[in-house]
Amino acid sequence: METFDITVIGSGPGGYVAAIRSAQLGYKTAIIEKYNTLGGTCTNVGCIPTKALLDSTHHYSDALNSFGAHGIEYSNLRLNVEQLFKRKNEVVTKNTQGLDFLMRKNKITVFHGSSSFVNNETLKIVHDDKTETVINSDKFIIATGSKPSTIPGIAIDKKRIITSTEALGLQEKPESIVIIGGGVIGVEMASIFNRIGTKVTILEYADNLIATMDSELGKALTKILTNEGVEIKLQQAVYKAENLGNTAKVYFKNKQGEEQDLTADYILVAVGRKSYVNGLGLENTNVELNNNGTVKVNELLQTTASNIYAIGDVVGGAMLAHKAEEEAVFVVERINGQKPHINYDRIPSVVYTWPEVASVGATEEQLKKQGVEYNIGKFPFAVNARARAGMETEGFVKVLSDPKYGELLGVHIIGARAADLIAQAVVGLEYEVTANDMAIMSYAHPTYSEVMKEAYTIASGKPSLNI
Ligand code: FAD
Ligand code: NAD
């Protein structure tokens, strides 16, 4: 029986990063993935394919709606839906092949097959052809991720009542789609399908879209998506859905209890994801679960079995690829005796609608709830020269800072290139600098980043030079 120093179960962003760091530090490393391709949810059915489709449909939408204003004229614009999905698949394949290369380069042993613990030190891998491999390992890292969850009354049949996974594989343009949940998946999927001409309706239980972010972001996004033709129904509790053969029907009621229903080609369920440990044989180990099904870990991400660690979506918290990656490096470097740290409240969130939405640190609602005083510096993209040049004038940057010492408390952006702009705000929060520190640096002109400078300036108590 082969023995490894560190064995990683699951090859998503948590798993593959853990395996690479482990091999870099000289450990004999194995990684096990039950599917035929590496990369997990993010690479195969999550971050990467959605961004590929968001980028393609963004180009199409620009061609339809704004090329004319730039003086670009064409006739016979046509969307080739088959090519749209083919390119998405090619992007995914390039990324999974990149991971195969990285595993070979780092001399990591890759097993494809479903794995389950025999005991705290031994794992059995069952391959597609039903053959088995049994390995021992000094340490294990569980990185088995998450699967879509649903709500009572809604059974996902993967045909008409689907999740993001099936939606990404549709290969056709649906006439209509109802999305249950206006969270991150809901609004990204709504953008993709709305841009290609599908009639999209979002049914959201909360008062706002992307409800965990600063509420001004959700409100602004609601306006933008509504203007683009997405129908958004807030404060709606969905309680039933049924497959009608060629369509599906969804039933929901508002706060007053008034019942409504909608019929569409597909009902896309996007109401969150749950930790996935099915078939992992945790009952044969000392690993315990929390009540919500996540793997119980201490602050070192060590489970209740001292040689078994867990990272990424399977331990809960923000279900983000970069959070899983941070935890991967953290665990391996801790095993190695190093002292890495993770600042969970400085992990940025990004929503890849257009304009993009990005956020780091406390929201205004959180600060109010905690009774923390704050300054607000808010600046619109509409008066930024670069934004005007590019016709990308929607949105704003909102900076929240401590009124006494000026320390940044939170930065929230909706606007062009927010996904990339947020990185400098993360630096500011991580190193506890003030809004004034961020404001007095030089920002290239003309750039979208100048909107950040203006918002920092206002938060630090000085007037903007441009408004
Ligand atoms: P996963 O990526 O879920 O990987 C777990 C792997 O473990 C899977 O490949 C699974 O097959 C394998 N596995 C499970 N059980 C076993 C077993 N017993 N034996 C062997 N292998 C097993 N996050 C972002 O940060 N940015 C985004 O833009 C983004 N977009 C997303 C879009 C969508 C549509 C979805 C669904 C998610 C998106 N996410 C995004 C979230 C992101 O995908 C997850 O947070 C991330 O993949 C979690 O990584 P992980 O390593 O914990 O688990
Ligand atoms: P989410 O938690 O972001 O949103 C789920 C939404 O469904 C919530 O707004 C909730 O109020 C709503 N909801 C719940 N029950 C409902 C009901 N009965 N009727 C109507 N609405 C209801 O979850 P998600 O959008 O499914 O995404 C899952 C995870 O994937 C998230 O943790 C997210 O971080 C991750 N993800 C990240 C990205 C990104 O980083 N860009 C993209 C996609 C997914």
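Which element gives the most to the shell around ligand 1? In this predicted model, the answer is α2, which contributes four residues to that shell. The report below describes the surroundings of ligand 1, then a disulfide, then ligand 2, and finally a threonine in a loop.

## Ligand 1

The shell around ligand 1 comprises 39 residues, and the closest of them are G14, E33, T41, K51 and A321. Six elements each supply at least two residues of this shell: the helices α1 (13–24), α2 (40–45), α3 (47–65) and α8 (321–335), together with the strands β2 (29–33) and β4 (114–117). By class, the shell holds 16 nonpolar, 18 polar and five charged residues.

Several polar contacts link the protein to this ligand. A backbone N or O atom of G14 is 2.9 Å from an oxygen atom of ligand 1. The side chain of E33 places an N or O atom 2.6 Å from an oxygen atom of the ligand. For K34, a backbone N or O atom lies 3.2 Å from a nitrogen atom of ligand 1. On its own, ligand 1 would expose 1000 Å², of which the protein buries 95%.

## The disulfide

How many disulfides does a search of the whole structure find? The search finds one, and this disulfide joins C42 to C47 with an S to S distance of 2.2 Å. The torsion about its S-S bond is about -130°, so the disulfide is left-handed.

Are the two cysteines buried or exposed? C42 has a relative accessibility of 11% and therefore counts as buried, since buried means under 20%. C47, in contrast, has a relative accessible area of 26% and is partly exposed.

## Ligand 2

Around ligand 2 there are 21 residues, with I185, E188, E204, G272 and V350 as the closest. The shell divides into 13 nonpolar, four polar and four charged residues.

Polar backbone atoms take part in the contacts with this ligand. V184 has one that is 3.3 Å from an oxygen atom of ligand 2, and G272 has one that is 2.8 Å from an oxygen atom of the ligand. At V350, a backbone N or O atom lies 2.7 Å from a nitrogen atom of ligand 2. Alone, ligand 2 has 850 Å² of accessible area, and the protein covers 77% of this. Two elements, α6 (184–195) and β12 (236–243), give two or more residues to the shell. Of the elements, α6 gives the most, with three residues.

The polar contacts of the two ligands are listed together here.

| Residue | Ligand atom | Distance |
|---|---|---|
| G14, backbone | oxygen of ligand 1 | 2.9 Å |
| E33, side chain | oxygen of ligand 1 | 2.6 Å |
| K34, backbone | nitrogen of ligand 1 | 3.2 Å |
| V184, backbone | oxygen of ligand 2 | 3.3 Å |
| G272, backbone | oxygen of ligand 2 | 2.8 Å |
| V350, backbone | nitrogen of ligand 2 | 2.7 Å |

## T303 in its loop

Where is T303 found? T303 belongs to the loop between β16 (273–275) and β17 (308–310). With a relative accessibility of 6%, T303 counts as buried, because the value is under 20%.

The side chain of T303 reaches two backbone oxygens: that of A305 at 3.0 Å and that of I308 at 2.7 Å. Leaving aside residues up to four places away in sequence, T303 touches V287, V295, K296, V297, I308, Y309 and A310. I308 is thus both a polar partner of the T303 side chain and one of the residues that T303 touches.

Key:
Residues are numbered from 1 along each chain as its sequence is written. Chains are lettered from A and ligands numbered from 1 in the order in which they are written. This is a predicted model: local features need pLDDT of at least 70, side-chain atom pairs count only at pLDDT 80 or more; totals for chains, interfaces and linings use all residues. Side-chain values use heavy atoms; hydrogens and water are left out. A residue is near a molecule or strand if one of its heavy atoms lies within 4 Å of it. A polar contact is a pair of N or O atoms within 3.5 Å; within protein, one must be able to donate a hydrogen and the other to accept it, and residues adjacent in sequence count only if both atoms are side-chain atoms. Accessible areas come from the Shrake-Rupley method with a 1.4 Å probe; for residues, only the protein chains shown count as cover. Ala, Val, Leu, Ile, Met, Phe, Trp, Tyr, Cys and Pro count as nonpolar, Asp, Glu, Lys and Arg as charged, and the others, Gly among them, as polar. A disulfide is a pair of cysteine sulfur atoms within 2.5 Å. Buried means under 20% relative accessible area, exposed over 50%, partly exposed in between (1.4 Å probe, protein chains only). Contact means heavy atoms within 4.5 Å.
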